Amino acid sequence: YMGEHSVSWRIYIVMETTELDARRERLVKRLEWIRGLKNSDSKLIQQYELLIGQLFECFKSTKMPNEEALVLLRSMSEELRQLERKLENADKITKTDVEAFLDKAKADRRFILTHFSEIDCSRAPQRVLEASLLEEINFDPLSMTHQDLVTLAHSALTQVSQSAGVAVGNELRSALFEVMKRYNVVAYHNFSHAFSVFQMLYMMHKKMNLGKFLQPFELLAGCVAALGHDLDHRGVNNAYHEKKRSTLALRYADKSILEQHHAATLVDILASPANDILVGQDAKRRRRFREDIVAAILATDMSKHFKMLERFTRRVSATMLVESGMDDFRTRESALLPTRELDRKVTPLYC
C-alpha cells in the first residue's frame, strides 16, 4: 500500500510540474504576442517577464507549493488576457489601464516575495552587479530579488569598508544574508524597505560627498545601521506594543520599543564569529562601531524625530555644515536616517 501510495504521489507531482511548465510556456508566448501589438507598453511586458522569472525561481527552490504557484499563474494569465483585449480593442491604453495593471503586478510580486524571501541563496551563484546601480535616485529595490539586493549591498559595503580600513572577508556576505533572513514578510518594514534606506544613504554618500561630514568608519556604521534598522519588525508600531503590554514593551520599558529591539537584533547578528565584519579591528573601534549603529537606529524613533531635526536645523542655519562644528557622529547620523524614514516619497516602495 505504501509503495502504491508513493508511486501515486510521484505521479501527482509530475503532473503538477508538467502543468506548471505548460502554463509558463503559454504565458511566455502570450507575452511575446502582446509585445508585437502596436499599442504594447514594453515596460509592462518587462515587469511581467520579471515576475514570471521570480515565480519559477521560487518554484524550483521548493519553497512554493505547486498549488499556490498554479493559482498565481492562472491569475497572471487572466490579467494578461485582459491587457490583450484592451490592446486589441482600443487605440491606446489609458493611464488608468496602466495603473490597474501595475497594481495587479505589485500584488503578484508581494505574493512571490513572501516565498522568495525564505530562500537560502547564500550558496547560490551570484550575479555580477555593480554598486554604481545604487547611485540612481530612482533605483527600485522591488525590481530585483533579495539575492540581488544582497549582492549589491556586498559590493557597496566592500567599497565603504575598504575606505574605512576594514578588511572584507566571507563574514560580510554571511552577515548580509543573515540580516536578510531576519526580516519578516510584513507590508512595509521588510528587507526591501531597509535596503531602500541603505541605498539612499549610499547615494547621498556618492552624490553629496558625505565624506566631508562623516569619517569612513562612521559611514560604514551608518550603512550597516540602515540595513538593520527594522530587523524583526512584526508589522505593528510602538503604540500597539505599549497597549498590548507585549514582551518587547515590558523588556524595553515602553521606551523606543521597536528601535531598541531592531538595534539589539543587529548587534546580536554581528556578534556571531561567522558574521564578524570587523575582523582584525581592536576593542576600541568595535565598541565605537556598536555605539554608532545603536545610536543611528534609536534615532529612527519618529516620536523623537522633530526635536532632533529642530536641533539639527539650528546648528546649520547660520553657516555651512562643515563649519558648524558638528564633530559628533551620533548627531549627524541621527539626522540622516530618520529623515529618510519620514520622506517615503523619494523612491517608490510598493511592498
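These legends describe close-up views of a predicted model.

**View 1. The largest nonpolar core.**
This core holds 53 residues. Among them, F195, F198 and F289 touch the most other members. Six helices each supply at least two residues: α5 (146–163), α6 (170–181), α7 (191–207), α8 (216–228), α11 (257–271) and α12 (283–298). The largest share, ten residues, comes from α7. In soluble globular proteins, nonpolar side chains tend to be buried together.

**View 2. F289 and its contacts.**
Which residues is F289 in contact with, leaving aside its neighbours within four places in sequence? The list is F217, L220, A221, V224, L270, I277 and L278. F289 is also one of the three residues that touch the most other members of the largest core.

**View 3. A second core.**
A second nonpolar core is separate and has six residues. L27, L73, M76 and L80 are among them.

**View 4. Aromatic rings around helix α7.**
The model has six aromatic pairs. One of these joins F198 and Y202. Are their rings stacked or edge-to-face? They are stacked, with centres 6.4 Å apart and 25° between the planes. F198 and Y202 both belong to α7. Four residues separate them, about one turn of the helix. Both are buried. F198 and Y202 also join F139, Y183, F191 and F195 in one aromatic cluster.

**View 5. A charge over a ring.**
R285 lies over the face of F217. The distance to the ring centre is 3.9 Å. F217 is itself buried, in α8.

**View 6. Helix α8, mostly covered.**
How many of the 13 residues of α8 are buried? Twelve are. They include E218, G222, C223 and G228. F217, L220, A221 and V224 are buried too, and these four are in contact with F289. The length of α8 can be checked. At 1.5 Å a residue, its 13 residues should span 18 Å. The end C-alpha atoms are 19 Å apart, which agrees.

**View 7. Helix α13, with a buried face.**
Helix α13 covers residues 305–316. Its twelve residues should span 16 Å at 1.5 Å a residue. The end C-alpha atoms lie 17 Å apart, which agrees. Within α13, H305, M308 and F312 are buried. Why do the buried residues line one face of the helix? Seen down the axis of α13, they fall within an arc of 70°, so they line one face. On the other side, F306, K307 and R314 are exposed.

Definitions and conventions:
Residues numbered from 1 in each chain as written. Predicted model: local features only at pLDDT ≥ 70, side-chain atom pairs only at ≥ 80, totals over all residues. Heavy atoms only, no water. Core = buried A, V, L, I, M, F, W, Y, C linked by side-chain atoms within 4.5 Å. Buried < 20%, exposed > 50% of the residue type's maximum accessible area, 1.4 Å probe, protein only. Contact = heavy atoms within 4.5 Å. Phe/Tyr/Trp six-rings, centres within 6.5 Å; stacked < 30°, edge-to-face > 60°. Lys NZ or Arg CZ within 6 Å of the ring centre and 35° of its normal. Expected span 1.5 Å × (residues − 1). Arc of directions from axis to C-beta.
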